[in-house]
Amino acid sequence: MTGMIAAKGSPMKSNVPPVGREFLEPPSSFTGLRRADFSPHSVIPANRVIFKAFWDHGSTEGPQNQRASNLEIWTKTEPITFFIIRRFTHASAPATLMELFQSHDFNDRLPEALLDLLQQEPVVSHAYVVGGFVRDALLGEPSKDIDIEVFGTSYAKLASALERWGRVDQVGRSFGVIKLTLPGCKAIDFTIPRQDAKINPGHRGFSVQFSQNMTQQEAVTRRDFTINALFYDPRERYVMDCVNGLEDLSQKRLRVVDRTSFAEDPLRVLRAMQFASRFDLEIDAELLSLSQEMFPSFTELAKERICEEWLKWAAKSRRPSAGLEFLLRCRWIEHFPELSAIVDVPQDPEWHPEGDVFAHTCYCCDALSELPEWKCLPPGDRSVYLMATLLHDLGKATTTVEALRNGSLRVVSPGHEQVGGRWAKNFLARLGVPHAFHQRVIPLVANHMVHLHEPTDRAIRRLAYRLQPETIKGLCMVMKADSLGRPPKPKTIPESIRQLQKRSESLELEQAAPKNILQGRDLLRLGIKPGPKMGEILAKVFNAQLDGQITTRESAIAWAQSKKLIQ
């Protein structure tokens, strides 16, 4: 039994929390309750506009003492718990939630055409915005997708009604999904309530059952985490929570909705990884144990689905280490052997007091996510640099040894950056990332130690050339993270990185590789025909250009003539 708790005289768009007002009868959307179910003396507690209702089976008397932090209502229904919030939230919630509810209307986030539909179309009178949109709105984060779940109607009736408003695509019919494209809007997913049952391996091995009589409590069980199981009613402007997701969001806790449905899709473990990192969440004990039990089901996952979660992790993480540590604790890191290989690999305590290579990697990833220059990048670029940071020390798994250095026995990893480039290639191939992603990440891994060498003009030109399509600016970002990920050492950027960046800027090579001064068209004018000879000449001239022997087209031609390359 779900619905909205209404307060007497509470205007829909009031910016002042209603305090000390008696309850009226619930609106028609709150089916199943009667006026007699409410205590006649129930009031909204001062400074609280988040309500927690306990439905106690068979209770005939109300609570003896009404607590200041919530409002208790007793009925004769099955015991459930839910939260309802209207424009405001609990005073103990994070400041971001308080500020959002006090200054924003969720409807401002919805397209006007969609609001018109939801407020005027009778067939969707019991429609709710669900999932990530509600979570992101509560956190004040931008929302990419809008998903609508419609209760009390059939798929056919919903499709017929939506056709009156825009272009309808029933490509997701087997899962009860209708894509609606409204004027000036991207496609919006409309679904009818369903329950999924696993009958075969893989993400398509589900039996799906629909019911227009399904309640929110029943429908919500198919969702993965409580923070993704919130309903928002844009007509009445309230949020419904059947699973304590608001409390979990306030406590920064990641918790499953239903053990059975969660275990049916192993991808949800990787979703837990990226959500923990993305929103800086603590993993609930039940989620951890359930993920450990689901370890063998990893083999059901398609490469594309695994890749998508890793790329979300790389683009959206607020605390990347949260997800990585979760993978370690639930053992799923073993499904990524290149990463599991660096667990417990020692490092020299003088240079790396933070611990083993995996611990260092976690600190580095967090350090990168805190850099202002990383935060302001587009998601695609952020994912490249965080992935490069994740993989930058993979080579230490096979190159780490103890060796004498200046009379002392030290832990060293000679050549680990070059070996790491090959390991990074294997990891990225395992994920199936696009080739263009490969081309950017691998040179960053293979060159992340260059700042330890003298940054001569010649070295910088050759470095910029090796990195392309990446840049020295991007490499410096990864090297900064590498240097900052060594607590309790002071968080300082080595002067060698600053000098590399400064010299590359002066050469105008910080964000671009050198371009060939001598072009094929120049050789055509000199009578050189296209073919292997022309390619050989251009390659040798460009190599001399990288060495600094050539700076203009004229000097390039003169150099080629001096070497008898051009007659």
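## Helix contacts and a pocket in a predicted model

In this predicted model, the axes of helix H10 (residues 303-316) and helix H17 come within 8 Å of each other and cross at roughly 115°. On the H10 side the contact is made by Lys-303, Ile-306, Cys-307 and Trp-310, and on the H17 side by Phe-427, Ala-429, Arg-430 and Leu-431. Of these residues 6 are nonpolar and 2 are charged, with no polar residue.

Helix H17 also takes part in the second largest pocket, as one of the elements that supply at least two residues of its lining. The volume of this pocket is about 820 Å³. Its lining consists of 28 residues, and those closest to the centre are Trp-351, His-352, Met-449, Leu-452 and Arg-486. By class, the lining holds 9 nonpolar, 10 polar and 9 charged residues. The largest share, 3 residues, comes from strand S15.

The elements that each supply at least two lining residues are listed here.

| Element | Residues |
|---|---|
| Strand S15 | 408-412 |
| Helix H17 | 416-431 |
| Helix H20 | 472-484 |

A further helix, H24, spans residues 553-562, and its buried residues are Ala-556, Ile-557, Trp-559 and Ala-560. They lie on the same side of H24, because they cover an arc of only 160° around the axis. An α-helix has 3.6 residues a turn, so residues three or four places apart point the same way. The buried residues of H24 pack against helix H23 (532-546). After H24 comes Lys-564, which has a positive phi, near 65°.

Key: Residues are numbered from 1 along each chain as its sequence is written. This is a predicted model: local features need pLDDT of at least 70, side-chain atom pairs count only at pLDDT 80 or more; totals for chains, interfaces and linings use all residues. Side-chain values use heavy atoms; hydrogens and water are left out. On a 1 Å grid over the protein atoms alone, a cavity is a set of points where a 1.4 Å probe fits but cannot get out, and a pocket is an open set with protein on both sides within 12 Å along at least five of seven lines; lining residues have an atom within 4 Å of a point. Grid points are joined across faces, edges and corners, and a volume is the space filled by probe spheres set on the points. Helices (H or I, at least four residues) and strands (E, at least two) are DSSP runs, numbered from the N terminus. Ala, Val, Leu, Ile, Met, Phe, Trp, Tyr, Cys and Pro count as nonpolar, Asp, Glu, Lys and Arg as charged, and the others, Gly among them, as polar. Axes are lines fitted to C-alpha atoms, for helices over the stretch in contact, and angles run from 0 to 180 degrees between N-to-C directions. Contact means heavy atoms within 4.5 Å. Buried means under 20% relative accessible area, exposed over 50%, partly exposed in between (1.4 Å probe, protein chains only). The arc is that of the directions from the helix axis to the C-beta atoms.
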